[in-house]
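The following exercises concern the structure shown below. Each task is followed by a solution in steps.

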Amino acid sequence: MTVQAIHESVTNLQADTLVVGLYADEPLSGAAEELNRATQGMLTRLQETKDLSGKRGELVTLYAPSGLKVRQVTLIGLGLRSALDRSGAFRAAATAAKAVAGKERGLVAFYLADRWSSELVESGVCGSLVGCVGQDLYRAKKNRFPLTQVAWANVSAADIARGESLADGVNLARRLVNEPPGDMYPETFANEAVSVAEASGLAIEVWDKQRLEAERCGSLLAVGKGSDRDSRLVILKYNGGPEGAAPIAFVGKGVTFDSGGLSIKPTDGMKTMKCDMAGAAAVVGAMQTIAQLKLPVNVIGLCGLVENMLGGSAFKLGDVLRARSGKTIEVLNTDAEGRLVLADVLDVALQHQPAKIVDLATLTGACVVALGTDIAGLMTNDQTWADEVKASGDAVGEALWPLPMFPEFSEQIRSEVADIKNTGDGRWGGAITAGKFLEEFVNGKPWVHLDIAGPAFLDGQKPWLDAGGTGFGVRTLVEIARRAT
Ligand code: BES
Ligand code: MN
Ligand code: ZN
């Protein structure tokens, strides 16, 4: 879909729906003021009865308003003008788009970007295209009808195009997560990555089981052993920067279904475990957007794709694995599989001599206990790099929060029989022991680990987003790539 830039006034435009923004701390201006005049002061009357305040997220719908050539007007509160940031623009537009997309629509025109910076416009456009997409991929009776005709008033085509590229990356990541695990397994995920690479001009390598064996990825392969679906490793390369300049590496956990393996999860913990490839999905989504934006930077994206299942060949508690790096790992819980996958993927990433690494993984429930469902845990071996990653997340409104990497946590992953073991001594601090485990495989390279177990997947909807995959991390990764230029 292409979003068009329009310049008609709210009173002249023939459309299905107008989305108009209001601030909490400003008198009606721009499109809102025009709308007020055309409707003989309807907005003023709503303000008088306190039905309209412009507070952040407020949604008021006017049906069949007289004096206008539209079916409805959706008013969305933008809060304080001075406080409006990219996250606010994204959420406001997404909230309105989600509400509007409850029915099939013709042209929906967004009149929000009054005196907005390019960055706000881009985020708003992105939100308008993300909010209208639901998770009812396989439902005959849809909850959400993705908008097919979208217009943004008084913005540049370039800002629109960037917003669309971002939204496409976010929605791609969301779809990959939302696809059921019976359909989305290592091979089919890799096929999706190939399609993305072909369409956006990325180079791609897919390692199948045979290649993974030849590459001695014994840790990753062990996790997939109980599954009838063979494991894969995907390497996406984008070379927009100077030839030979060290790339940034983005590494994603792609466990397409996490049953827990022999350390099997109970039903409640397993229900949403199709989301365990959200890190890999974010990497693919971000690589697509980075390629579309033609950012002048070299980036490499790696996804470790496995299905963690039970079966006669499943890896076992007490097994000792030899990772690609040569380190041996004692398995004491087959449900701590993400770190086993990432151990090998991080080692492959190192081979490409990256300047810096970010990994994204739905790695631990402990991280959700620590930070809740909206915030990703950030762990690092390099404070400067962590600050850059954190600033990128802050800028786009994806919340990242540091967890301390005290050396004491490393003691918990010492093993009596192997170089390390794959769990800590108990469940306390589990997000950090997992981070410490990963640190063993980055060989001192500047590295940030984002545990996205909380924010990758919504159990229930938010005003601006339906439940299911959120695409968390895509916008942060794109922002990191932008800032690296
Ligand atoms: N994929 C899970 C973590 C997870 C939990 C993601 C909730 C999203 C929502 C991970 O593989 C896992 O099972 N971790 C274990 C680690 C433990 C066995 C050391 C956990 O968190 O319980
Ligand atoms: Mn697990
Ligand atoms: Zn997992």
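Leu310 touches Gly226, Ser259, Gly261, Leu262 and Ile264, leaving aside residues up to four places away in sequence; contact means heavy atoms within 4.5 Å. The model is a predicted one, in which local features need pLDDT of at least 70 and side-chain atom pairs pLDDT 80 or more, while totals for chains, interfaces and linings use all residues. Residues are numbered from 1 along each chain as its sequence is written, chains are lettered from A and ligands numbered from 1 in the order in which they are written, and side-chain values use heavy atoms, without hydrogens and water.

**Exercise 1. Describe the setting of Leu310.**

Step 1. Leu310 is placed in the loop between strand 10 and strand 11 (320–322). Strands (E, at least two residues) and helices (H or I, at least four) are DSSP runs numbered from the N terminus.

Step 2. With a relative accessible area of 35%, Leu310 is partly exposed. The classes are buried under 20%, exposed over 50% and partly exposed in between, using a 1.4 Å probe and protein chains only.

Step 3. Arg91 is 219 residues from Leu310 along the chain, and their C-alpha atoms are separated by 41 Å.

**Exercise 2. Which protein atoms coordinate the zinc ion (ligand 3), and what is the geometry of its site?**

Step 1. Lys253 (NZ), Asp258 (OD), Asp276 (OD) and Glu337 (OE) are the protein donors, at 2.0 to 2.4 Å from the zinc ion (ligand 3). Donors are N, O and S atoms within 2.8 Å of the metal (3.2 Å for Na, K and Ca); water is not among the atoms, so sites may look incomplete.

Step 2. The 6 donor atoms of the zinc ion (ligand 3) subtend angles of 78 to 174°, and the site is octahedral. Six donors earn that label if opposite donors are over 155 degrees apart and all others between 65 and 115; four count as square planar under the same limits, or as tetrahedral if all angles lie between 85 and 135 degrees, and anything else is irregular. For reference, ideal octahedral angles for six donors are 90 or 180 degrees.

Step 3. Along the sequence, the donor residues of the zinc ion (ligand 3) follow the spacing K-x4-D-x17-D-x60-E. Lys253 belongs to strand 9 (residues 248–258) and Glu337 to the loop between strand 12 (328–330) and helix 11 (338–351), so this pair ties together parts that are 84 residues apart in sequence.

Step 4. Lys253 is buried at 1% relative accessibility, and Glu337 is buried at 0%.

**Exercise 3. Analyse the site of the manganese ion (ligand 2).**

Step 1. Asp258 (OD), Asp335 (O), Asp335 (OD) and Glu337 (OE) coordinate the manganese ion (ligand 2) at 2.0 to 2.2 Å.

Step 2. The angles among its 6 donor atoms run from 72 to 169°, and the site of the manganese ion (ligand 2) is irregular.

Step 3. Asp258 bridges the manganese ion (ligand 2) and the zinc ion (ligand 3), which are 3.2 Å apart. Asp258 lies in strand 9 and Asp335 in the loop between strand 12 and helix 11, so the two tie together parts 77 residues apart in sequence.

Step 4. Asp258 is buried at 3% relative accessible area, whereas Asp335 is partly exposed at 22%.

**Exercise 4. With which side chain does the side chain of Asn308 make a polar contact?**

Step 1. Asn308 lies in strand 10 (residues 298–308) and is buried, at 0% relative accessibility.

Step 2. The partner is the side chain of Asp258, at 2.8 Å. A polar contact is a pair of N or O atoms within 3.5 Å; within protein, one must be able to donate a hydrogen and the other to accept it, and residues adjacent in sequence count only if both atoms are side-chain atoms.

Step 3. Leaving aside residues up to four places away in sequence, Asn308 also touches others, including Val223, Phe315, Asp335 and Glu337.

**Exercise 5. How many residues of helix 16 (residues 474–483) are buried?**

Step 1. The count is 9 of the 10 residues, so helix 16 is largely enclosed by the rest of the structure.

Step 2. Among the buried residues of helix 16 are Arg475, Glu479 and Arg482.
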